[in-house]
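Trainee: I should like to understand how the terms used for a structure are justified. May we go through them one at a time?

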Amino acid sequence: MAYLLPTTAPDVWRAAVARAAQLLAPSWEERPNGLKALAFILLMLSVEREQPPESIPPAAVAEDLSDQGEEPHELSRRIEAAGTTAGVLGNGYGPDTLDTLWTDLKSWQEAPGDPMGDAEGWPPALWAAVGQLHERISGPGEAVIRRTPVPVASLGALTISVGRYVNVVSPDAIVPIKCDTCNGCEGGSLRVDGPAVTFVCADGHTTANPRLEVWRVRNALAYAGLPIGADATVERDFLVTSRPYSAQSDPRYLSRFTAALLA
Ligand SMILES: [Zn+2]
């Protein structure tokens with residue numbers, strides 16, 4: 001759950017994530033989008049009902065889920081309104097906000113292999129998640145849920161020190177992340193906190209760049225043979241994939257492919 005919980009997350013969000021995991025236990029990690037969507041729905045109900053997330057009854061969640069059609073636009077609107085009231089949405093991109101996470105969930109996805117965006121793409125992950133949640137939340141009753149222990153959230157902020165550049169690999173170029181303040185790009189570090197990734201340049205300025213996505217950074221760590229949940233040091237370039245590629249693709253392979261194209 002670390003990716004859902006920046007260290008600065010307000011208590012109401014923390015409680016919503018814990019309650020969501022509890023309602024989905026024991027398999028809350030199988031479908032990350034389900035956990036994300038349910039946490040946002042619990043946050044919404046908590047704000048609307050003026051009741052803490054941990055006491056929202058599963059029946060209330062089930063009722064809301066059963067009202068949704070295949071395209072839950074009204075649900076999106078209510079989540080945004082509640083998230084803004086709670087101060088977790090509407091803050092723009094960057095650390096300390098959950099906007100990145102929410103945008104990912106509610107936006108149409110580019111079709112894989114179609115970086116130009118000509119195809120219609122895939123519907124928002126939220127839609128499928130809401131359908132699946134409806135099946136699951138109408139399942140176990142309150143008695144079962146009370147016996148389920150609240151999963152412990154791992155709180156993760158970690159720093160990846162990079163010897164040279166943090167390079168974002170896209171189909172036509174490899175572009176280093178630059179500092180917004182001094183334009184420096186060599187010898188900085190990445191700070192990962194919950195869903196947010198920021199670049200800290202060698203002079204200590206902080207830059208939030210929407211091309212740095214937490215899934216891709218964690219994926220890049222795995223391909224670089226580094227631990228995913230701890231501070232790490234990369235001696236030379238750190239390669240991270242960008243949006244046209246699947247989140248699981250190997251940035252090293254793509255970079256050779258790209259290098260060959262550019263040669
Ligand atoms: Zn700088």
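Mentor: Let us begin with the metal site of this predicted model. The zinc ion has the protein donors C179 (SG), C182 (SG), C201 (SG) and H205 (ND1).

Trainee: What makes these atoms donors of the zinc ion?

Mentor: They lie 2.0 to 2.3 Å from the zinc ion, and N, O and S atoms count as donors within 2.8 Å of the metal. In sequence, the donor residues are spaced C-x2-C-x18-C-x3-H. The pair C182 and C201 links distant parts of the chain, 19 residues apart: C182 is in the loop between β3 and β4, and C201 in the loop between β5 and β6.

Trainee: Why is the site of the zinc ion called tetrahedral?

Mentor: Four donors count as tetrahedral if all angles lie between 85 and 135 degrees. The angles among the four donor atoms here are 104 to 116°, so the site is tetrahedral.

Trainee: Why does C201 count as buried?

Mentor: Buried means under 20% relative accessible area. C201 has 5% relative accessibility and therefore counts as buried. C182, at 34%, is partly exposed, because that term covers values between 20% and 50%.

Trainee: How do you know that the span of helix α4 agrees with what is expected?

Mentor: The 14 residues of α4 (residues 73-86) should span 20 Å at 1.5 Å a residue, and the end C-alpha atoms are 20 Å apart, so the two agree.

Trainee: Which residues of α4 are buried, and what puts them on the same side?

Mentor: L75, S76, R78, I79, A82 and G83 are buried. They cover an arc of only 165° around the axis, and therefore lie on the same side of α4. What covers them includes α2, α3, α5 and α6.

Terms used: Residues are numbered from 1 along each chain as its sequence is written. This is a predicted model: local features need pLDDT of at least 70, side-chain atom pairs count only at pLDDT 80 or more; totals for chains, interfaces and linings use all residues. Side-chain values use heavy atoms; hydrogens and water are left out. Donors are N, O and S atoms within 2.8 Å of the metal (3.2 Å for Na, K and Ca); water is not among the atoms, so sites may look incomplete. Four donors count as tetrahedral if all angles lie between 85 and 135 degrees; four count as square planar and six as octahedral if opposite donors are over 155 degrees apart and all others between 65 and 115; anything else is irregular. Helices (H or I, at least four residues) and strands (E, at least two) are DSSP runs, numbered from the N terminus. Buried means under 20% relative accessible area, exposed over 50%, partly exposed in between (1.4 Å probe, protein chains only). The expected span of a helix is 1.5 Å times one less than its number of residues. The arc is that of the directions from the helix axis to the C-beta atoms. Contact means heavy atoms within 4.5 Å.
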